[in-house]
Structures are given as structure tokens and as C-alpha cells.
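Student: Please go through this structure with me by question and answer.

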Number of protein chains: 2
Amino acid sequence: MKKLIPFALAGLGFALALPLMAGDPLPSWNDTASKKAIVAFAEKVTKPGSPDFVPAPERIATFDNDGTLWAEQPMYFQFFFALDRVKALAPQHPEWKTQEPFASLLKGDVKGALKGGEKAMMEIVMATHAGMTSDEFEKVVADWIATAKHPKTGKLYTEMVYPPMLELLTYLRAKGFKTFIVSGGGIEFMRPWAERVFGIPPEQVVGSSVKTKFDVRDGKPVLVRLPEVNFIDDGPGKPVGINQHIGRRPIAAFGNSDGDLQMLQWTAAGPGARFCLIVHHTDAAREWAYDRQSSIGKLDKGLDEAKARGWTVVDMKDDWKKVFAFEGKQKNE
Amino acid sequence: MKKLIPFALAGLGFALALPLMAGDPLPSWNDTASKKAIVAFAEKVTKPGSPDFVPAPERIATFDNDGTLWAEQPMYFQFFFALDRVKALAPQHPEWKTQEPFASLLKGDVKGALKGGEKAMMEIVMATHAGMTSDEFEKVVADWIATAKHPKTGKLYTEMVYPPMLELLTYLRAKGFKTFIVSGGGIEFMRPWAERVFGIPPEQVVGSSVKTKFDVRDGKPVLVRLPEVNFIDDGPGKPVGINQHIGRRPIAAFGNSDGDLQMLQWTAAGPGARFCLIVHHTDAAREWAYDRQSSIGKLDKGLDEAKARGWTVVDMKDDWKKVFAFEGKQKNE
């Protein structure tokens, strides 16, 4: 029997090691400082008796969407949606042939269309996001997201989510966190697919919105989407949106651009243990590399403040084993 | 041993009966049609394989607050809060001595103050609900709700919640429902105590609101409450608020006044099994009796529509064993 003991112990060691390996909740993260900081925070706030313990109902974690949960280059994906909608709606709008910004868009000249600045952008958004019922808009989004492909990767937009961030969402939820999206994007643009893709139900999505109006049409109550801004959930709007929707200050917040800075500041300023993280896009090979000079997802003040205040800055290139789930497949194809 | 068998069986029967009795989830409800309708609905939508089965994430139930979860006579309780705040703030506002509606209020003449109609009401609300940070307002509300007493019952306002409705909230949650408050009252007036009293966390409270603004004061980020209406969550505003906050149509809705009608219509109009309930205040002895003619909690169109559409109308007098938890105590005192 004696001889068996070392084997048995070895087997035991193997058996112990397996669950630890299989149980790594963040397998797409390299074992760098970012991952260690995430795990250290999650453990200290959930360990009963820890001085940093936070009761489960207060474990609110907020995530930006564009550039944080999924990619945002070369344009916000919602803008591709708007462009496709302009094309789809053009037959009903013969006047667009000569009317800017639509005329340029329909000729494929996006830059020309956006020469009109914010006003042009807003006209495009309202023409494509308002004028229908909430149920109709939900269907339009659901149909688009199921089929539209990203111009560079040729993948569905929902395939351009980041596995490390999906793992992080799942990990925090397993630790009793309630995870919210807090995005500058349209709240009703995200809700139709956020539950399936991120495990985040509609009631935990905060975003920008148009005004809606209750109406009864043919005896049926509907909500009509009006061509009027209700709320812009970006920059200083993010803490406002968080307060309006959640009514509780997050203890952890995740962003990637200066549009997330006030959300991070608001989160950091609460009492007790706090965690703020910025995804820094440093990987031109697997994704895109951009920060201080980018027109999309500009990260300038946020990068300085993160360094000054000791927030976690994810270096996408070094910290993430995988940026997209389809990477491996591409290599093997 | 034979003799023991009947006893054993009797014991078994007793053992089986006990949990059933102890397990009545709605003990403050009489065994009338209202209770039966609630239980029948909850069971059919939660029974796997039932044609009416609804997956747990879609089990959204929305509850009005004033007159549905707690009393609302002789005035909305939030208005008593506003009056107390006018008194507390008066020393900082010497101009109120001669300025309406404050001058009348400070003399105890509420009717006189409200002669100015909606404009006067709005001035009172803004003077008492805006001009401070969100954290400061939360503390003011928490302090008030912990000590202020109702003028008629002499009880804390949080003691004037209805046990049958508390049981209903708990019952639905046990059945996998997510329960929300959707109230015309102030969202930030309810959140500081809704979790303790109703088991409803801040992120599941929908209500009226003032605009807020992100600011940094002495290096500290704050949200400042502005004297400007952001959203009125009443009447046709309720489906709008539900869509904005929850993004999913409720399958069950509970109200008591015409201000809840559109929420009930919106809920009823969805596909599949739906449940709409109106609390009818019929008990002048234990609470108040009012409906079509009441200036507070007017129930007129809603009563007609409920009857026409077969919604459940709770007759408070007949359907509820208990209206307030302190009733028994009063009798024994």
C-alpha cells in the first residue's frame, strides 16, 4: 500500500488543481496587475467580516458599452445602424435625394454628411430612431442586430464583444453584484440584445433616449417615439442617469473614454471600497489602438486621472489573452 | 403496533396540514374572489408546462404607491413632507412671511395656499425638493420618515402601509416576480425607505423627478437637484416611465386611481396572461371610503374600465382582514 500513497497524494494534488484551473473565472485575462486588482477587490468586498465588506444589494457595478463591452471603431455601431436605416427608409423619403445630410449619406459620403456637425448627426438619429412605436423600433433593432455585419471584420456586431469583459460580468454577478450598462448609446438600441449577449436585462440598461408619448391607436395602447431628445447619457449625464435609474451609487465602474470620466469620479467618491477601471485600447493588431487624439472614444483626461488616482487601466494588448472570441477561429481558418 | 397506525396516519395528516396552513402566503386577505384571482394568476404563469407560463425574467409586476401600498388621505403623504419642510426652511426665507403660497402655509392655511392651483403646488414642491444635493435630500427624507406622524392616526407614515399588499409583494417575489413601484410621487422621496418597508430596492422605484446636474464642489462630485420638473410619472406618464426604467411591459399591475389607468391599460394590452388589480377604498371605518368624487385618488374611469374588462377590483372592506398592522394593537390598547 505504501507505494500507492505518493500516487494517491499526487492524484489528490491533481484533483485539487483541476477545479482551481477549471474554476478560473477570468480565463481570457493574463495574470497581470489588472486581473489581480479585479479579483482582490471582488474578494474583499464579498468576504464576510472583511472591513471592506459590502452587503449584496449595494454591490452595484456599471459598465459603459461602446469601447468597454464591445468595439466602437471605426464608428459607433449604432451609427452603422442609423446609416442602414437611412438606406432602408429612403424610398419613403424622396426628398432625401437632395436634402442634407441624407443626400450625401445615400451617395455613401459619410464625411460629407457629417460636415453639418451635431445638427446633421441629430437629424440622422431622429429620422431613424423616432416616428414609430416602441414595439416597432424594438423589432427594427432586433432584425438589424441579427444580420448586419461589421465593415472591417465581417462579423456580426454582437460577435465584437470582448470575452474578457463577458467573463468579468459573469464573475461579478457570481459574487453577488448587480451589473448595469450605462452607455451614451440609445437605451432602446441596446435592450433588445443586451440580455442575450451580456446577461443584462432591459431594466439594468441605462442610456440615451428620445421622448416617448402614450397614445391609443385603434383601441391599442402604444408608446410613440418622438423626434426629441429626452436624455443624453454621456459625460456628466452618466452620474445623472445612474441616479435616475439605479438610485444607488455604484461601488465599481468600468469605462474606456472621457465620456465615462464623471461616472468613474462619482463611483470613486463614495465611502468604502471602490473600484474604477478603464479599458485602454492599445492593440492595433487584434483590435484598434487609440486614446488622446481619437474622435471616437477619446481617452485623454480619463487616462491622466486614472494614473493620478490609481485606477486600474487595462492594457488591452498585455492584459487580454483574447480580444474577440473569433480570433482563434480566424487563425485556424 | 396496529393501534399506532391510525395515530401515525393522523399525525401524518396533521403534519401535512400544518405547512399548508402555515404557508398561506396571503393571511390578511379574506378568501374572496380577489384573493382567488391573484393566486390563480400567480400559479398559472409560474407552472412549468402551463400554456400561460411566463419565464421568470419577464415576470414584472408594477405597483402604484399612494393609495395602493400605503394610504393617501387626507392628503398625499409627500405633501405633508413638503409642509413640514416649508416650516423647517422658513427661518432661511423671511420673504415667505408675505409671499404666497408660503405665507398661507406658514399660518396653517393649506386651502388658502392651494388657491394658487398647480402653480402654487409646484412652487411648494420646488422650494422643498430642490436646491440641495441628492445626498442631502436623501438625508432630509430619511430623517422625516423616521419621525413624522400622520395627523389622524398618530402613526408613522411607514406604519400606514397595507399588510395585505406587503404580503402580495412577498408572495409575488417568492413566485419569481420582480416587483417595482411606479408612483406619481417623487422617486427620491420613496427610495430612502422603500427597501426597508416594501423590500423594493432603489433601482426598482419609478417616480416623478426634478432635473439633476452633476457638479464638483470642493473637489467632491455631487448631483444638485434643480427646481425644474424632469418627469411626471402619473397617468399617461406611467407607461412612459415603465418603458424608460424597466424596458419591459409588466404582466401584472396594481393601482387604485385614474392616475393608474394607463399603466393598467398598457399592462393588459400585452400578449399572454395579464393581471390588473385596482384597490377600491370602501372602508370608512378602518381607513377611508372614496372613489369617483375624491380630489385625492379619484377613481372614476378606472372603476368603469375595470368592470368592463374584468380586472380585479379589491373591495377593501370585504377583501381585507386587516387594513393596517396597528389595528389589532389599537383594539387591545
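Student: Through which surface do the copies meet?
Tutor: This is a predicted model, in which local features need pLDDT of at least 70, side-chain atom pairs count only at pLDDT 80 or more, and totals for chains, interfaces and linings use all residues. Residues are numbered from 1 along each chain as its sequence is written, chains are lettered from A, and side-chain values use heavy atoms, without hydrogens and water. Of the interface residues of chain A, 100% are also interface residues in chain B, so the copies meet through the same surface.

Student: What turn lays chain A on chain B?
Tutor: Copies are superposed by least squares on the C-alpha atoms of residues with pLDDT of at least 70 in both. The RMSD is 0.0 Å and the shift along the axis is 0.0 Å, with a turn of 180°. The two copies are thus related as by a two-fold rotation axis. In chain A the C-alpha nearest this axis, 3.1 Å from it, is that of His245(A).

Student: Which strands stand at the edges of the open sheet in chain A?
Tutor: Strands are DSSP runs (E, at least two residues) numbered from the N terminus, and two of them pair if DSSP finds at least two bridges between them. The 7 strands have the order S4-S3-S2-S1-S5-S6-S7, with mixed pairing. Each edge strand has a single partner, so one side of it is left without a neighbour in the sheet; these are S4 (220–231) and S7 (312–315) of chain A.

Student: Which residue in S4(A) stands opposite Val210(A)?
Tutor: Strand S3 (residues 205–217) of chain A pairs with S4(A) in the antiparallel sense over 8 bridges. Opposite Val210(A) stands Val229(A).

Terms used
Contact = heavy atoms within 4.5 Å. Helix = DSSP H or I, 4+ residues; strand = E, 2+ residues; numbered from the N terminus.
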